[in-house]
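Trainee: I have a model open and a few questions about its surface and its interior. Can we work through them?

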Amino acid sequence: MEVAVPASGLLYLLCSAFSEFFSGVFINQYRFNFPAFMALCQALLTIVLLQLLRQVRLLKIKPYLLESGEIFLLPSICFSFHSVLTLWAVIRSNSNVFTFIRRFTPLTTLAFMKMFNLKKRTSFSNAFLVLVVTSCTVFAGLQNFTDEAVVYVYGVLNLMFKSTYPTLIQKLCEDHKMSVVDVYYTCTINSCPLLFVYCLLHPDTPQIFPSGSWSSLIFLGFFALALLLGSLLNFLVFLCTLLSSALTMNMIEVAKTDMLALRNITTHEWTSSLPLLTSLLISTSGVGIYMYRDARETKAGTRKDSTDIPT
């Protein structure tokens, strides 16, 4: 467990970078601006792949049950909308306001964890680290924003969905013991009807097939690669959440945002300054300290649970 969480977090960072790059190239190159349709195709591809892995006995997946679907319905709804908004942000080239609002995710996740009364408690020192990291990363992201009002609305909605669905998954898995794959499979199936209805009602849906170069192998290759990386990225979110916590998952997300900011500074897209560099350094270091402390607390809690089992 102590090694699994950092390893899955590192894999998430790498997969997230590749996913955003290839999705951005595909969407911008082909002007394929249909995030709901892409989210639906991604969910359907995920189900097909999981079923194939199940058929060749590489994965053990429990059959979908209406009871499980009902239990995970609310996080599935939040997961669906978050997937759409994430792809929408790629279309907008991850606008400054959208990215800035996303920096508040650890703090809102901490608030939701307190509200839902999770069994895994966050220590005072870790909560303080979350506050420090959020404050520093927010300060680093302050700019003169010129985005439209709709970007602010979508940014806040994405913040709520991103904070809610991992927290709900962690809460539900404390009461209903299920594997990561089973939870991901259930939530993905739950999301399909919602995404399908959303696509049917969206006014841009009739333009999907005329806008795509469906006879081009390059188009289909980029499309499939973007969907595969998105599916893997979503699975890693579930994996990191259930291996550690929703808060740890969103702290890793902050580390990714800070590293992108450092990249922008090195490429001179952002103007460097001592307060900015100091904020990014404190934020990134705080994430590292938090993950180390959280891994130790998780390991200590696991040992305590094993010693409490009567022999």
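Trainee: Which helices each supply at least two residues of the nonpolar patch?

Mentor: This is a predicted model. The patch is made by Leu73, Leu74, Ile77, Phe81, Leu194 and Tyr198. Match those numbers to the helix ranges, 73-91 and 180-201. The suppliers are helix 4 and helix 9.

Trainee: Which helix gives the largest share of the nonpolar patch?

Mentor: Phe81, one of the patch residues, lies in helix 4. Four residues of the patch come from one helix, the largest share. That helix is helix 4.

Trainee: Is Phe81 buried, exposed or partly exposed?

Mentor: Buried means under 20% relative accessible area, and exposed means over 50%. Phe81 has 30%, so Phe81 counts as partly exposed.

Trainee: Now the cysteines. Why is there no bond between Cys173 and Cys187?

Mentor: A disulfide needs two cysteine sulfur atoms within 2.5 Å. Cys187 holds the closest cysteine sulfur to that of Cys173, yet this is too far for a bond. The structure holds zero disulfides. The distance that rules out this pair is 8.1 Å.

Trainee: Is Cys173 buried or exposed?

Mentor: The cut-off for buried is under 20%. Cys173 has 10% relative accessibility, so Cys173 counts as buried.

Trainee: Last one. With which side chain does the side chain of Asp258 make a polar contact?

Mentor: Asp258 is found in helix 12 and is buried, with a relative accessible area of 0%. Beyond four places in sequence, its contacts include Thr137, Leu280 and Arg103. The polar contact, at 3.3 Å, is with the side chain of Arg103.

Key: Residues are numbered from 1 along each chain as its sequence is written. This is a predicted model: local features need pLDDT of at least 70, side-chain atom pairs count only at pLDDT 80 or more; totals for chains, interfaces and linings use all residues. Side-chain values use heavy atoms; hydrogens and water are left out. Buried means under 20% relative accessible area, exposed over 50%, partly exposed in between (1.4 Å probe, protein chains only). A polar contact is a pair of N or O atoms within 3.5 Å; within protein, one must be able to donate a hydrogen and the other to accept it, and residues adjacent in sequence count only if both atoms are side-chain atoms. Contact means heavy atoms within 4.5 Å. Patches are made of residues with over 30% relative accessible area and no salt bridge: like charges are joined within 9 Å, nonpolar side chains (Val, Leu, Ile, Met, Phe, Trp, Tyr) within 5 Å. Accessible areas come from the Shrake-Rupley method with a 1.4 Å probe; for residues, only the protein chains shown count as cover. A salt bridge is a side-chain nitrogen of Lys or Arg within 4 Å of a carboxyl oxygen of Asp or Glu.
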